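Please find below my notes on this model, set out as numbered points for discussion.

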Amino acid sequence: MKKTLTPFALAIMLLVAGCALSARLLWQVDRNSSWNHGHHLVMSEDQQSLFSFTNHEQELSVEHFDLNGQLLRQYQFAIQPANPFPQPLPLLTHDNQFFLAGPTARDTLFLDLDSGVQWQGFGAELVDEDDRLEIHRAYLNQNDELVFSASLIIWNGDDFGSATGVIGRVDKNGALATLHRLDDLQSIDLQIRPGTDSFILTGRFRNNGEAENNPASVVIEYDSQLNELHRFPQSLYLGAPQVTHDAVISPVWQDGTYHNDAISLTTGEAERLPIPYESGTRQIAGANSLYQIRSKWESTRPIN
């Protein structure tokens with residue numbers, strides 16, 4: 001039975017940027033939907049239409065709009081109760097097929113809008129009923145397979161559990177094609193390398209202090225099938241990394257202070273950058289550049 005939704009309005013709006021910071025509203029579609037359900041909007045592969053996803057806990061509604069706001073098609077899929085805010089966003093493959101990855105492997109969906117094929121959940125061979133695989137990041141490789149990083153959480157029955165970082169690959173049939181456990185690493189981060197079909201993983205070694213001169217962190221490059229290509233151990237602790245075409249930009253902790261280093265994805269060598277590190281800084285990587293947005297407080301007014 002379809003769930004009755006509370007009469008809050010969800011608006012889909014398309015804006016065209018004008019001069020300076022101005023924008024003009026072209027169209028708006030209002031729908032009755034509850035504020036506390038997940039909503040996502042995704043551009044089509046040909047950039048000529050939009051797909052809207054609405055999670056109603058036991059039903060997923062997908063609406064297909066043209067760029068003028070006209071409804072082209074609408075779909076409903078029955079799903080198991082799941083977190084209403086799937087993260088990351090839906091990932092579009094070819095031919096109107098989508099992965100909706102997260103927040104766990106059990107919640108992950110695959111939809112083929114043309115054929116009606118769907119499945120929910122993968123990795124059941126890894127976890128029991130109380131265990132879970134929590135997805136942190138998800139991407140598509142060149143074969144439209146789902147590549148992800150996650151935490152494998154195994155409970156021991158006493159309200160305590162162990163968490164292990166993993167990366168994996170899932171095909172469009174829901175089969176777990178590749179899984180790498182990273183038991184010796186913590187604080188792992190997986191990103192796609194811009195302009196390529198390879199993936200960059202960074203992490204810190206758990207037991208780096210047990211022997212002298214042990215590396216503190218590592219940068220690993222994988223191909224699209226998650227075969228290891230390069231491994232670059234680092235002597236410094238890496239913070240939140242940003243992967244560019246040719247380097248990993250990361251704040252590092254050294255001698256009681258943070259600074260930014262660029263780690264070459266060709267040689268693995270680290271070079272200190274002249275840009276300072278500040279907490280609250282966001283970074284966006286360009287082809288051969290790095291853009292930063294910093295925030296600071298001046299009196300009672302935040303300055304960007």
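The points below move from the whole chain to one sheet, and then to individual residues.

1. The coordinates under review are those of a predicted model, and every value that follows should be read with that in mind. In this model the protein chain has 27 strands and zero helices, so the description is necessarily one of strands as DSSP assigns them.

2. On burial and surface, 44% of the 304 residues in the protein chain are buried, while the accessible surface of the chain comes to about 16900 Å². Carbon and sulfur atoms account for 49% of that accessible surface. Among the contacts in the protein chain with a separation of 6 or more, 36% are made by residues 24 or more positions apart.

3. One sheet deserves a separate paragraph, namely an open sheet of four strands in the order β15-β16-β17-β18, in which the pairing is antiparallel. Its edge strands are β15, covering residues 185-192, and β18, covering residues 228-234, each of which pairs on one side only. Neighbouring strands of this sheet are turned by 15° against each other on average, with direction ignored.

4. Within that sheet, how many bridges join strand β16 to strand β17? Strand β16 (residues 199-205) and strand β17 (residues 217-222) pair over six bridges in the antiparallel sense, and the bridge partner that Ile200 finds in β17 is Glu221.

5. Turning to the surface, a nonpolar patch is formed by Tyr237, Trp253, Tyr258 and Tyr277, which together have about 390 Å² of accessible area. Of these residues, Tyr237 lies in strand β19, which spans residues 237-238. Tyr237 has a relative accessible area of 34% and is therefore classed as partly exposed, because that class lies between the limits of 20% and 50%.

6. Is Asp261, which sits in strand β22 (residues 257-264), buried or exposed? With a relative accessible area of 5%, Asp261 is buried, because the cut-off for that class is under 20%.

7. The surroundings of Asp261 can be listed explicitly: leaving aside neighbours within four places in sequence, Asp261 is in contact with Leu236, Val248, Ile249, Ser250, Val252, Ala270, Glu271, Arg272 and Leu273. For one of these partners, Ile249, a backbone separation is also available, since the C-alpha atoms of Asp261 and Ile249 are separated by 5.8 Å although the two residues are 12 residues apart along the chain.

Technical notes. Residues are numbered from 1 along each chain as its sequence is written. This is a predicted model: local features need pLDDT of at least 70, side-chain atom pairs count only at pLDDT 80 or more; totals for chains, interfaces and linings use all residues. Side-chain values use heavy atoms; hydrogens and water are left out. Two strands pair if DSSP finds at least two bridges between them. Helices (H or I, at least four residues) and strands (E, at least two) are DSSP runs, numbered from the N terminus. Axes are lines fitted to C-alpha atoms, for helices over the stretch in contact, and angles run from 0 to 180 degrees between N-to-C directions. Patches are made of residues with over 30% relative accessible area and no salt bridge: like charges are joined within 9 Å, nonpolar side chains (Val, Leu, Ile, Met, Phe, Trp, Tyr) within 5 Å. Accessible areas come from the Shrake-Rupley method with a 1.4 Å probe; for residues, only the protein chains shown count as cover. A salt bridge is a side-chain nitrogen of Lys or Arg within 4 Å of a carboxyl oxygen of Asp or Glu. Buried means under 20% relative accessible area, exposed over 50%, partly exposed in between (1.4 Å probe, protein chains only). Contact means heavy atoms within 4.5 Å.
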